[in-house]
Every structure is written in structure tokens, then in C-alpha cells.
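Work through the exercises below with the model open in your viewer. Try each task before you read its solution.

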Amino acid sequence: MSQRMILNETSYFGAGAIANIVNEVKGRHWGKALVVTDKDLVKYNVVSKVTELLDKHGLAYSVFDETVANPTIEVVQKGLRAYAAAEADYLIAIGGGSPIDTAKAIGIIINNPEYADVRSLEGAVATANRSVPIIAVPTTAGTAAEVTINYVITDAENKRKFVCVDPHDIPVVAIVDSDMMSSMPRSLTAATGMDALTHAIEGYITKAAWELTDMLHIKAIEVISRSLRGAVNNESKGREDMALGQYIAGMGFSNVGLGLVHGMAHPLGAFYDTPHGVANAILLPSIMAYNADFTGEKYRDIAKAMGVQGTETMSIQEGRNAAVAAVRQLSLDVGIPAHLREVGVREDDIPSLARSAFEDVCTGGNPRNTSIAEIEQLYKAIY
């Protein structure tokens with residue numbers, strides 16, 4: 001059986017890495033950029049760190065700042081119109097997963113206009129042409145959207161989020177600069193960091209996991225677990241290590257998929273606009289416990305990577321319990337709520353949430369096969 005790995009063409013890491021944008025643009029002879037971002041990042045002068053570089057070197061651009069959390073079909077279509085009006089030929093996505101996901105959808109549709117309805121991009125669609133070039137500049141340490149072949153769009157009309165999986169959408173260049181993440185508030189740092197941990201853990205235990213991705217995911221778990229508390233406290237070392245850890249997780253899960261945590265988190269974003277990282281963090285410990293009997297020795301590895309002592313002498317069950325406890329404690333330490341009712345979930349919506357989660361593309365990768373009835377019980381237990 002063959003395995004596939006798809007990664008960025010070029011990536012830069014470390015404080016000040018955004019300076020490399022200039023040489024990349026000039027060296028590739030790109031003309032005008034559409035900068036895809038959101039209004040807050042413009043307001044708080046995060047985007048200006050990049051646009052000042054472009055201005056200094058005479059590189060043309062226009063700004064589209066109408067992306068939103070849990071980006072919608074309508075936002076993507078606005079972005080398409082902005083790209084055409086700007087007469088751009090490449091994209092610079094600045095932000096968390098939402099601006100980068102929006103840019104991916106825009107870039108794919110520009111070169112594959114038959115998907116202009118956006119909905120038809122759902123799932124593993126075999127688009128004919130690569131996206132227009134994207135430079136991705138993450139401002140959060142969590143989604144790893146800059147290195148993945150996935151993006152998520154919200155169908156607001158039907159209250160659902162759908163996952164698009166397309167090798168043609170991966171950004172050509174990723175700029176992982178911890179300075180671009182320094183303005184993240186504590187709550188967002190915690191939420192996106194737990195999202196990254198969820199990526200690493202789900203990627204490690206998903207049905208498609210294999211040796212190379214296992215290496216990436218266990219390292220990502222180690223880096224994220226030792227760094228997230230410091231990043232939440234705005235320590236520079238914690239920020240820098242989290243930027244790397246979330247990218248490593250993305251290298252892995254992008255190529256093997258995720259599981260039920262993401263399957264159950266996506267409907268929460270569609271129904272209530274729940275921040276994705278918060279949804280994942282609330283769900284992760286309970287779903288880890290639900291999956292435990294189907295993971296072999298892997299939870300012992302997770303516990304060890306998270307700094308739990310004495311894992312070598314633990315039984316399989318003790319190792320599983322230790323891993324779940326370590327994740328729960330980390331989530332608590334960084335201030336994540338423990339129950340779904342704390343983030344506005346309504347109990348009478350649970351049957352609809354369960355149906356949507358069961359149909360989500362991520363759910364199929366879960367190590368334990370599930371059902372709508374079991375997902376309902378999980379939502380209720382975490383409620």
C-alpha cells in the first residue's frame with residue numbers, strides 16, 4: 001500500500017520570518033496581491049506588519065478584510081469579486097484558519113470557476129487546476145491551515161459546516177512567524193492551542209495513521225504540551241514553540257485525516273458560531289475516553305509525550321487514563337470551559353447536531369466506528 005505526503009513548496013519559521021515575503025514575491029515574478037484578512041487584524045495593526053513591507057518594496061496589493069470566524073459561502077463569493085476587482089494574480093492570507101480557509105476557497109474557484117457555488121467543493125473534490133498562488137501568514141498557533149490541504153466553509157443557510165479536501169489548495173509559501181502571533185489574547189491562544197493538540201492526537205490515532213505521520217504527531221503533542229501554558233502567559237519561548245508545534249501537527253493530519261472530535265465540533269460552529277478550538281477542547285477528553293479501547297498502546301505514548309511520569313510501568317488502561325487526565329488538566333489550566341452548556345449549546349438541538357456530526361467527513365477517520373445514537377449520548381454526557 002502506498003502512502004502520500006503533501007506539504008508546502010516553501011516554509012519559513014521564526015520571529016521576523018515575514019521579511020521573506022518580499023524575495024518570494026519578487027523571485028516568482030508575481031504582480032499584485034489580494035490580501036485576505038479580517039477587520040480586527042487590520043484595526044490592531046497586525047496586517048500592517050506585512051503591508052508596510054509590500055509598500056517599502058513597491059509591491060502592489062489590495063486588501064479584502066471581510067472574512068469572519070467560521071467563514072461562509074457568502075464571504076467567499078465577496079472575496080471572489082474583490083479578487084476580480086483588484087486584478088490580482090496571487091493571494092496573501094493573513095490570520096487564523098478563517099482568512100486562510102477563505103483564501104483557499106477563493107484561489108481554487110478562480111482557477112476552477114465551475115465550483116463558483118462553493119457548496120460543490122465539499123469533500124474530496126478532484127479539481128482540475130491548482131489554486132492561484134497563496135502565501136499564508138498565520139496569526140494564531142492552532143489551525144495549521146497554512147500547511148494543510150483542507151479548508152472548512154459554513155453553509156449558513158443550512159446551518160452546517162463542510163470540509164473541503166483538495167491537494168490543489170495548499171499554500172505555496174507558509175510564513176510561520178511568532179511575532180505575527182504576539183497580539184493574540186489569552187483566550188484565543190488557549191483555544192487555538194487546544195485545537196492544535198486535538199489535531200495531533202486525532203491524527204495520531206486516526207485509522208489512516210502510519211509511521212511517518214506518527215512521528216510528526218507524537219512530536220507535535222510533546223511540543224504543544226510543554227509550550228501552551230507559556231504561550232497563554234505570552235512568554236516568547238512558548239509562542240515560538242507553539243507556532244512550530246501546530247505546524248508539525250498540520251504536516252501530519254493534513255495527510256491522514258482526523259476523527260470524531262472534529263466531526264462533533266463542526267456542527268457547533270455551524271449552529272452557534274462556537275470558536276472551533278473551544279469546541280474541540282471541550283470535546284477532546286471525553287471522546288478520547290470513548291475511543292480508548294481502539295487505540296492499542298498509543299495513549300501511553302501520548303501520556304509520555306505530555307510529560308506524565310512513570311508511563312513505562314503503567315498498564316495499558318492506566319496509560320489510557322493518564323493520557324485523558326493530562327489532556328483534561330491542560331485544558332483546565334488554560335481556561336477552557338468543561339461543558340457544552342457553558343458555550344451556549346441547547347440540549348434540544350442535540351439530535352440535529354448528532355446527525356450532522358455523523359455525516360461529517362472527519363468522523364469516518366475515527367478509530368472507533370460510531371452511530372448517531374452514540375454521538376447523541378456523547379453530546380449529552382459533555383453537555
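Helices here are DSSP runs of H or I with at least four residues, strands are runs of E with at least two, and both are numbered from the N terminus. The model is predicted.

**Exercise 1. Overall form**

Task: Find how many helices and strands the protein has, and why it counts as compact as a globular protein of its length.

Solution:
- Step 1. Count the elements. The protein has 14 helices and eight strands.
- Step 2. Compare radii. The radius of gyration is 20 Å, and the globule rule gives 21 Å for 383 residues. These values are close, so the protein is as compact as a globular protein of that length.
- Step 3. Take the extents. The C-alpha trace spans about 60 × 45 × 40 Å along its principal axes.
- Step 4. Check burial. Of the 383 residues, 59% count as buried, with the cut-off under 20% relative accessible area.
- Step 5. Look at contact range. Take contacts between residues at least 6 apart in sequence: 78% of them join residues at least 24 apart.

**Exercise 2. The sheet**

Task: Determine the strand order of the six-stranded sheet, and say which strands lie at its edges.

Solution:
- Step 1. Read the order. It runs β1-β8-β5-β4-β2-β3, the pairing is parallel, and the sheet is open.
- Step 2. Find the edges. β1 (10-13) and β3 (60-64) each pair on one side only.
- Step 3. Get the turn. On average, neighbouring strands are turned by 15° against each other, direction ignored.

**Exercise 3. Strand β2 and its partners**

Task: Trace the pairing of β2 with β4 and with β3, and explain why β2 is largely enclosed.

Solution:
- Step 1. Start with β4 (residues 90-95). β2 (residues 32-36) pairs with it in the parallel sense over four bridges. A33 stands opposite Y90. V36 has A93 as its bridge partner.
- Step 2. Turn to β3. Its parallel pairing with β2 has five bridges. Here K32 stands opposite A60.
- Step 3. Test burial. Four of the five residues of β2 are buried, so the strand is largely enclosed by the rest of the structure.

**Exercise 4. Helix α3**

Task: Work out which residues of α3 are buried, and what covers them.

Solution:
- Step 1. List the buried residues: S48, V50, T51, L53 and L54.
- Step 2. Identify the cover. It includes α1 (20-28), β2, β3 and β4.
- Step 3. Follow the chain onward. α3 is followed by G58, which has a positive phi near 65°.

**Exercise 5. Helix α7 against helix α11**

Task: Describe how α7 (residues 211-232) and α11 (residues 298-305) cross, and which residues make the contact.

Solution:
- Step 1. Set the geometry. The two axes come within 8 Å and cross at roughly 35°.
- Step 2. List the contact. α7 contributes D214, I218, I221, E222 and S225, while α11 contributes K298, D301, I302 and A305.
- Step 3. Sort by class. The contact has four nonpolar, one polar and four charged residues.

**Exercise 6. Helix α8**

Task: Compare the reach of α8 with the expected span, then decide whether α8 is mostly covered or mostly open.

Solution:
- Step 1. Take the length. α8 (residues 236-256) has 21 residues.
- Step 2. Compare spans. From first C-alpha to last, α8 reaches 31 Å, close to the 30 Å expected at 1.5 Å a residue.
- Step 3. Count burial. Of the 21 residues of α8, 17 are buried, and the helix is mostly covered.
- Step 4. Step past the end. G257 follows α8, and its phi is positive, near 90°.

Terms used: Residues numbered from 1 in each chain as written. Predicted model: local features only at pLDDT ≥ 70, side-chain atom pairs only at ≥ 80, totals over all residues. Heavy atoms only, no water. Expected span 1.5 Å × (residues − 1). Buried < 20%, exposed > 50% of the residue type's maximum accessible area, 1.4 Å probe, protein only. Pairing = 2+ DSSP bridges. Axes fitted to C-alpha atoms, helices over the stretch in contact; angles between N-to-C directions. Contact = heavy atoms within 4.5 Å. Nonpolar A, V, L, I, M, F, W, Y, C, P; charged D, E, K, R; others polar. Rg over C-alpha atoms; globule rule 2.2 N^0.38 Å.
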